[in-house]
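Work through the exercises below with the sequence and the structure at hand, and try each task before reading its solution.

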Amino acid sequence: MKDIRLMKGNEAIAEGVIRAGCDGYFGYPITPQSEVLEYLMANNPEERTGMVVLQAESEIASIHMVYGGAAAGKRVMTSSSSPGISLMQEGISFMAGTELPCLLLNVVRGGPGLGTIQPSQSDYFQAVKGGGHGDYKMIVLAPASVQEMYDFAKLGFELAFKHRIQVMVLSDGAIGQMMEKVELDDQLPRLTDAEIVKKYPWATTGKTPDRPRNIITSLDLNPVKQEIINQNLQKKFRHIEQTEVRFERFMCDDAEYLFVAYGSSARVCQKAVLLGRAKGLKVGLLRPITLFPFPVDELARLAKQVKGMQAIEMSAGQMVEDVRLSVNGVVPVEHYGRLGGIIPAPDEVLHVLEQNFIHSKKEKQYEPATY
Amino acid sequence: MSQLLTREEICVPENEVYHRTCLLTDAALSYCPGCGHGTAHRLIMEVIEEMNLQADTIGVAPVGCSVLAYDFMDIDMQQAAHGRAPAVATGIKRLYPDKFVFTYQGDGDLAAIGTGETLHACNRGENITIFFVNNGIYGMTGGQMAPTTLPGMKTATSPFGRDVTTMGYPLKITELLAMLPGTYYVTRQSVHTPANVRKAKKAIEKAVQYQKLKKGLCFVEIVSNCNSGWKMTPLESNKWMEENMFPVYPLGDIKVPKP
C-alpha cells in the first residue's frame, strides 16, 4: 500500500532527506523554514538511519560543517531562508571551488535586509547566477508543490554526486508552509564508510597506503593552473546545461500566449491558464523546474509558436532576464511581479497577460489590489 | 694515521639520534627561516606517525601562513575558509566519530574571524583537537595587527603601536576557552628551545590520546615567533618573545583533566 501523508513542504523535504539516505544535516533556525530542523530533531533520524542532525551556532558554521562532511564523501545538507543563505555564500563559493556535492534548501522570504517572513522569489539571481564570489553555478531546482519538496531531496543528492556540484532547492515561504498530500518512497540505505571510500576516491577519509593523500582545497596560486581549474569548472556547467534541463509544459501545444513562471508563481499561473481557457483564450504555461540549467531551447522553440510571453514572478523581474535571453527578441516578453511577500492572484495575472498582449495598449493598465 | 669514516659507516641504526618523520612530505616549507611553524608541523606529524594514525587522520588547514599545511603533511586534509576550521572539523568528526580530526590555525584565523566557530566548537565539546599557533600578528598578509598583538606593538596596521583605547586588548582566547565546560585539556606551549620542543610534544601526545579516548575538545596553543613580521632576526625574535609575549601569554597547562 502506498504511504501517503498530509505534510508541510518543509516537513516533506526533511522526511525526503532521511529516506534518501542523507548522512548529516547542519542548520540554524530561521522563519519560514525552521520546521526542517524541528522535524529532523523530532523524528529521530539518528535512530532510524544513523543520520546526524546538529543545530549550529550560525548559518556560517552550518555551511562549513556541510563543507567538512561533503569533503569526506558524505551526503550532507543544510537549509535556511534568504538572510541565512546570504551568510552561507562564503561556504557555497568554497564548495564550488572544491567541487563538493551537497544539498541546500532556500525557503525564500522577501528582502532586501530582514525584509519580511512572507514568501518571495527575489533570491533568483543569488541562486542562479552564483551568489558568492568567483565564476560558478549551482544546479537549482524549483519545487511547485509539497510533493516536489519531497522528491527533490532524493533527486538533489543524485545530481549533486553525479556532477560533484552543489544543488539548491529554491523554494519559498508558501511552498514551505503549505500542506498537501505527499506520496513517500521506501527508505534508501545510507552508504557505509567502506562504500564511500570505493565510490568517492577523492574524499578525505584517511590516507591509506594504497593511494596518495587526498586534499580538498580551492587554492592554487599558479595562474596557469587556476585558469585550467576554472575552465574545467565551466566545462562541467556546459555539460549540465546540455543534460539536466527539466521543465513542465502545461497546455502549451496550441498556446498563442505563454506564461513563464516557477514555484508558487507557477501554481498561480496554472489556475490562470484554466481561467483563460474557460474564456476561450489559447494560454499555456512553461514551468522551469531547473532554473540552472534554464530551459533555453524549449523557450526558443515556443517563441516561434506563441505571440507573446508573460513572465510572472514574486520579484521585481529576475527570471524574466533569462526568458528574454532565451527568446532573443523573437516575441515580446513582459514581466509582472508582486513584491514584499505578496502572492499574485490567478485573475490578476491573467488580466495582466490580456492587457499586455490581447487588449489594446490604450486601455487602462491593471491596478494591483492594495492591502 | 686516523682514517675518516665513510657515510655508510656513520649511517647505521645504532648511531641514529634523530630521524625525520615519514609523514612530512619532501616539499620545501613555505615558512620564513626561523619561524616556529615548521617545528610545530613536525611534532604533530611525529605524534601521528608514532601513534600509527595516518589512515585515521583528517586534518583541516586554515587561511594564513599555514594555508598550505596540506603540502607538507602526508595525510588527508581539507583547506577551510578563514576562521571556519572548527566548523569544518565538526562536520567531519560528527560523521566520522572514530577518525582523528584536528585543525591547525593561526591567531588571526582562530581568535578574530573564527572566534564564533572556535568558541562554539569548544562549548559543544566537539571531540576534536585544535592546534593554535599564536605569533601576535597576521604573517601571511604582511604583518598586520592581530587580536593577539601586544599593547604598543608596531604592525603594518598599528604603525604607531597598538593603542588599547581604540584598538582593543590582546585577546587571551586560550584562557577564555579553558573556562568552558566543553574543553577537556587546554595548554600553552612554545617550540623555541629544545626543552620547550620536548614539552610541546608531550602536550600534543596528550591531546591526541585524549581524542582517541573520546574525552572531548583538546586545545594546544603554541606561542611562536614571527621574525619577518616582527622585523627581527630569528634569535632576536625568540628573545623578544620570551621577554614580551610570555608575560602576557604564560606557558604551561591551563586546564588539565581532573584525576
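**Exercise 1: pairing across the two chains**

Task: In the predicted model, find how S9(A) and strand S2 (residues 76–79) of chain B pair, and over how many bridges.

Solution: Begin with the two strands, S9(A) and S2(B), whose pairing is in the parallel sense and extends over two bridges. Then go to the residues, where Ile215(A) is found opposite Met77(B) in S2(B).

**Exercise 2: the side of chain A that touches chain B**

Task: Establish how many residues each chain gives to the contact, and which element of chain A supplies the largest share of its side.

Solution: Start with the totals, which are 33 residues from chain A and 29 residues from chain B. Next, list the elements of chain A that each supply at least two residues to the side touching chain B, namely strand S2 (24–27), strand S3 (52–55), helix H4 (59–71), helix H6 (89–98) and strand S9 (215–216). The largest share, eight residues, belongs to H4(A). Finally, sort this side of chain A by class, which gives 14 nonpolar, 13 polar and six charged residues.

**Exercise 3: the sheet of chain A and the helix across it**

Task: Determine the strand order of the seven-stranded open sheet in chain A, and state which strands H4(A) lies across.

Solution: Trace the order first, which reads S3-S2-S4-S5-S7-S6-S13 with mixed pairing. The edges are S3 and strand S13 (290–292) of chain A, each of which pairs on one side only. Within the sheet, strand S6 (139–141) and strand S7 (166–172) of chain A run parallel and are joined by three bridges, with Val167(A) in S7(A) as the bridge partner of Ile139(A). Last, place H4(A), which lies across S2, S3, S4 and S5 of chain A and runs at about 165° to S4(A).

Note on methods. Residues are numbered from 1 along each chain as its sequence is written. Chains are lettered from A and ligands numbered from 1 in the order in which they are written. This is a predicted model: local features need pLDDT of at least 70, side-chain atom pairs count only at pLDDT 80 or more; totals for chains, interfaces and linings use all residues. Two residues are in contact if their C-beta atoms, placed from the backbone, lie within 7 Å. Helices (H or I, at least four residues) and strands (E, at least two) are DSSP runs, numbered from the N terminus. Ala, Val, Leu, Ile, Met, Phe, Trp, Tyr, Cys and Pro count as nonpolar, Asp, Glu, Lys and Arg as charged, and the others, Gly among them, as polar. Two strands pair if DSSP finds at least two bridges between them. Axes are lines fitted to C-alpha atoms, for helices over the stretch in contact, and angles run from 0 to 180 degrees between N-to-C directions.
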